[in-house]
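Work through the exercises below with the sequence and coordinates open. Each task is followed by a solution in steps.

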Amino acid sequence: MNSKTKIICSVTTALFTAAMFTAPAMANSNKANPNQSAWEHANPNAAFLRCGTADLTEREIQAAEEQFRQFSALKGKPTKPGSGGGGGGDGGDGGDPTVRPAGSVSIDVYFHVIRDNNGNGGNSQADVDAQMAVIDNAFSGGTGGTSTPFTFNLVETTYTNNSAWFTAGQGSAAEVQMKQSLRVGGPETLNIYSYNVGGGLLGWATFPSNYTSNPDYDGVVILNSSVPGGSSAPYNEGDTGTHEVGHWLGLYHTFQGGCNGGGDQVSDTAAERSPAYGCPVGRDTCRKGGEPDPIYNFMDYTDDSCMFKFTAGQAERADAQSLVYRK
Ligand SMILES: [Zn+2]
């Protein structure tokens with residue numbers, strides 16, 4: 001097991017709820033603290049929480065998926081419903097005719113490096129280039145997973161000296177101000193912000209469906225020391241960036257929903273009861289007769305050295321989400 005703690009990822013539940021649900025019942029979400037869920041899943045042995053991106057309730061998931069299906073139908077894009085038990089694990093590689101061809105969708109990226117008032121603490125251009133290479137390689141299947149439609153085109157790296165932004169917490173006024181000032185482009189444009197995020201978090205992201213109601217907030221935040229060669233071992237090979245971009249394209253955590261319900265809404269990622277940390281080979285927390293937990297998947301919480309793949313089902317979902325919300 002890893003010796004450090006991480007909150008790998010956090011999606012902002014409060015913003016997510018406000019952004020995507022119109023049904024009155026959904027307004028009563030009791031997840032007031034965006035980070036609470038992430039902390040509940042924190043590795044007790046670790047120094048980081050991998051992700052602040054929200055783990056949604058089953059009801060929130062169902063509302064989101066219903067909206068997704070409705071929008072998909074309006075755009076003439078069929079989507080497959082969730083996998084039922086989410087236990088899948090029945091393979092399904094080999095591509096899907098409904099997915100755009102591998103590498104055919106180029107996403108423009110603006111990478112915003114935040115430093116303190118004295119210009120200290122920010123990533124270098126070499127860091128940024130290395131981070132983008134990791135993300136691009138992951139989505140291309142270069143690390144051993146499915147070749148997705150997505151490639152990433154770094155248009156510009158910006159550098160900003162602002163001590164308040166340099167430590168902006170998730171959902172803070174400073175974060176909102178930073179994004180309002182720096183964000184470039186529409187829903188199809190990826191903005192990444194790197195700085196010394198607080199709270200032990202490695203990063204967080206917004207979902208595609210969040211964009212319409214809160215466009216300025218759209219994007220990915222990563223801890224600056226999570227880039228390749230950074231100081232946040234074992235989370236310093238750049239996979240925080242990959243994981244958060246996965247959220248930005250509509251992917252849920254592989255442990256979403258635990259062993260029950262529709263899970264992560266992807267049929268070929270085995271269900272798992274809770275996040276996996278370290279690299280626990282053979283872990284099988286749902287025991288439904290399917291495959292072991294998807295510990296090698298970028299959307300789990302394992303060490304960077306452990307995670308290396310997206311599945312065909314994730315590529316299909318990300319493509320469908322992108323076609324609906326990011327065009
Ligand atoms: Zn996450």
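The exercises that follow concern a predicted model.

**Exercise 1.** Locate Ser 226 and decide whether Ser 226 is buried or exposed.

Solution. Start with the chain: Ser 226 sits in the loop that joins strand S7 (220-223) to helix H7 (239-248). Next, count neighbours: 31 other C-beta atoms lie within 10 Å of Ser 226. The cut-off for buried is 20 or more. Ser 226 is therefore buried.

**Exercise 2.** Find which residues Ser 226 touches, leaving out those up to four places away in sequence.

Solution. The contacts are Leu 202, Gly 203, Ser 232, Tyr 235, Asn 236 and Thr 240. Thr 240 is also one of the buried residues of H7. For a backbone distance, take Gly 238, twelve residues from Ser 226 along the chain; their C-alpha atoms are 5.8 Å apart.

**Exercise 3.** Determine how many residues of H7 are buried, and what this says about the helix.

Solution. Go through the helix: the buried residues include Asp 239, His 243, Glu 244, His 247 and Trp 248. The full count is ten of ten, so H7 is largely enclosed by the rest of the structure. Just after H7, Gly 250 has a positive phi of about 105 degrees.

**Exercise 4.** Identify which residues touch the most other members of the largest nonpolar core, and trace the contacts of Val 220.

Solution. The core has 56 residues, and Val 109, Leu 202 and Val 220 touch the most other members. Beyond four places in sequence, Val 220 touches Leu 190, Ile 192, Gly 203, Ala 205, Glu 244, Val 245 and Trp 248. Another core, of eleven residues, lies apart from the largest one and includes Ala 54, Leu 56, Ile 61 and Tyr 211.

Note on methods
Residues numbered from 1 in each chain as written. Predicted model: local features only at pLDDT ≥ 70, side-chain atom pairs only at ≥ 80, totals over all residues. Helix = DSSP H or I, 4+ residues; strand = E, 2+ residues; numbered from the N terminus. Buried ≥ 20, exposed ≤ 12 C-beta atoms within 10 Å, placed from the backbone. Contact = placed C-beta atoms within 7 Å. Core = buried A, V, L, I, M, F, W, Y, C linked by C-beta atoms within 7 Å.
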